[in-house]
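Visitor: I would like a close look at a single part of this model. Please take one strand and follow it outward to whatever it leads to.

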Amino acid sequence: MSRKAKKVFKQSGVIPYRVTNGKIEVLLVTTSDCKNWVIPKGGICNGMSPPASAAKEAWEEAGVIGEVDGNELGRYKYRKKGKIYQVKTFLLAVETVLSDWPEANQRRREWLDPSKAIKRVKKASLKQILKGFS
């Protein structure tokens with residue numbers, strides 16, 4: 001008897017970055033329960049490309065606006081409440097950091113050196129994607 005394949009929910013996310021004093025910094029946000037550090041990500045909106053949808057998530061979750069590189073950086077999977085999600089990741093060159101944004105009361109955000117960001121995130125596959133910066 002074959003097992004029913006689990007549905008994989010597709011998401012897109014960005015690694016927001018900026019260059020300060022000649023050094024790259026990446027932006028991480030906390031999950032909505034503030035327990036873990038992640039990148040801004042979410043379900044791909046109907047009628048939007050994965051990069052455009054990821055840019056929308058960056059605005060909602062991290063309060064940053066910028067230019068998304070349409071080339072996929074990598075993918076990683078995670079589980080949440082029994083569901084499996086696959087996240088396509090893209091780079092976002094941050095141009096504007098807002099002081100108020102839709103999820104400002106639900107999340108924290110922090111600019112980090114890439115090596116510190118790698119230590120903060122839990123998912124090994126996301127760590128691998130972030131290693132491209134260090």
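Guide: Valine 94 is found in strand β7. The model is a predicted one. Valine 94 has a relative accessible area of 16%, so it counts as buried, the cut-off being under 20%. What does valine 94 touch, once its neighbours within four places in sequence are left aside? The contacts are Pro16, Tyr17, Val64, Ile65, Gly66 and Trp111. Now take alanine 55. Along the chain, alanine 55 and valine 94 are 39 residues apart. Their C-alpha atoms are separated by 10 Å.

Step along to threonine 89. Strand β7 holds this residue too. Is threonine 89 buried or exposed? Its relative accessible area is 0%, so it is buried. Its contacts include a run of residues: Asn71, Glu72, Leu73, Gly74, Arg75 and Tyr76. Threonine 89 also touches Gly13, Ile39 and Ile129. Residues up to four places away in sequence are not part of that list.

Next comes lysine 83. Strand β7 covers residues 83-97, and lysine 83 is in it. Lysine 83 has 39% relative accessibility, so it counts as partly exposed. This lysine also belongs to a group. Together with Lys7, Lys80 and Lys81, Lys83 forms a positive surface patch.

Follow that patch to lysine 81. Lysine 81 sits in the loop between β6 (74-80) and β7. With 78% relative accessibility, lysine 81 counts as exposed. Its backbone deserves a look as well. Most residues other than glycine have a negative phi. Lysine 81 is not a glycine, yet its phi is positive, at about 50°.

Where else does a positive phi of about 50° turn up in a residue that is not a glycine? Asparagine 21 has one. Asparagine 21 lies in the loop between β1 (8-20) and β2 (23-30). Its relative accessible area is 77%, so asparagine 21 is exposed.

Back to strand β7, by way of another lysine. Lysine 41 touches Val87, and strand β7 spans residues 83-97. Lysine 41 itself is in strand β4 (residues 41-43). Beyond the residues up to four places away in sequence, its other contacts include Gln11, Ser12, Gly13, Tyr76 and Tyr78. Two glutamates, Glu57 and Glu61, are also touched by lysine 41. Lysine 41 is buried, but it has no salt bridge. Why is there no salt bridge to glutamate 61? Glutamate 61 has the nearest side chain of opposite charge, and it is 5.6 Å away. A salt bridge needs the nitrogen within 4 Å of the carboxyl oxygen, so this pair does not qualify.

Glutamate 61 does have a salt-bridge partner. Arginine 107 forms a salt bridge with glutamate 61, and their closest N and O atoms are 3.4 Å apart. Arginine 107 lies in the loop between β7 and β8 (109-112), while glutamate 61 is in helix α1 (residues 50-62), so the pair ties together parts that are 46 residues apart in sequence. Both arginine 107 and glutamate 61 are buried.

Arginine 107 has another link. It forms a salt bridge with glutamate 103, with 2.5 Å between the closest N and O atoms. Glutamate 103 is buried, like arginine 107. Glu61, Glu103 and Arg107 are therefore joined in a network, as a salt bridge requires N and O within 4 Å. How many salt bridges does the whole structure have? A search finds six.

One of them involves glutamate 110. Its side chain meets that of arginine 120 in a salt bridge, at 3.1 Å from N to O. Glutamate 110 is in strand β8 and arginine 120 in helix α2 (residues 114-120), and they are ten residues apart. Glutamate 110 has a relative accessible area of 30%, so it is partly exposed. Arginine 120 is partly exposed too, at 32% relative accessibility.

Strand β8 also leads back to the start. Arginine 109 is found in this strand. Its relative accessible area is 25%, so arginine 109 is partly exposed. Among its contacts is Val97, and β7 covers residues 83-97. Arginine 109 also touches residues including Leu27, Leu28, Val29, Trp37 and Trp101. The C-alpha atoms of arginine 109 and threonine 31 are separated by 9.9 Å, although the two are 78 residues apart along the chain.

Technical notes
Residues are numbered from 1 along each chain as its sequence is written. This is a predicted model: local features need pLDDT of at least 70, side-chain atom pairs count only at pLDDT 80 or more; totals for chains, interfaces and linings use all residues. Side-chain values use heavy atoms; hydrogens and water are left out. Patches are made of residues with over 30% relative accessible area and no salt bridge: like charges are joined within 9 Å, nonpolar side chains (Val, Leu, Ile, Met, Phe, Trp, Tyr) within 5 Å. Accessible areas come from the Shrake-Rupley method with a 1.4 Å probe; for residues, only the protein chains shown count as cover. Lys and Arg count as positive and Asp and Glu as negative; His and the chain ends are not counted. The place of a charge is taken as NZ of Lys, CZ of Arg, CG of Asp or CD of Glu. Helices (H or I, at least four residues) and strands (E, at least two) are DSSP runs, numbered from the N terminus. Buried means under 20% relative accessible area, exposed over 50%, partly exposed in between (1.4 Å probe, protein chains only). Contact means heavy atoms within 4.5 Å.
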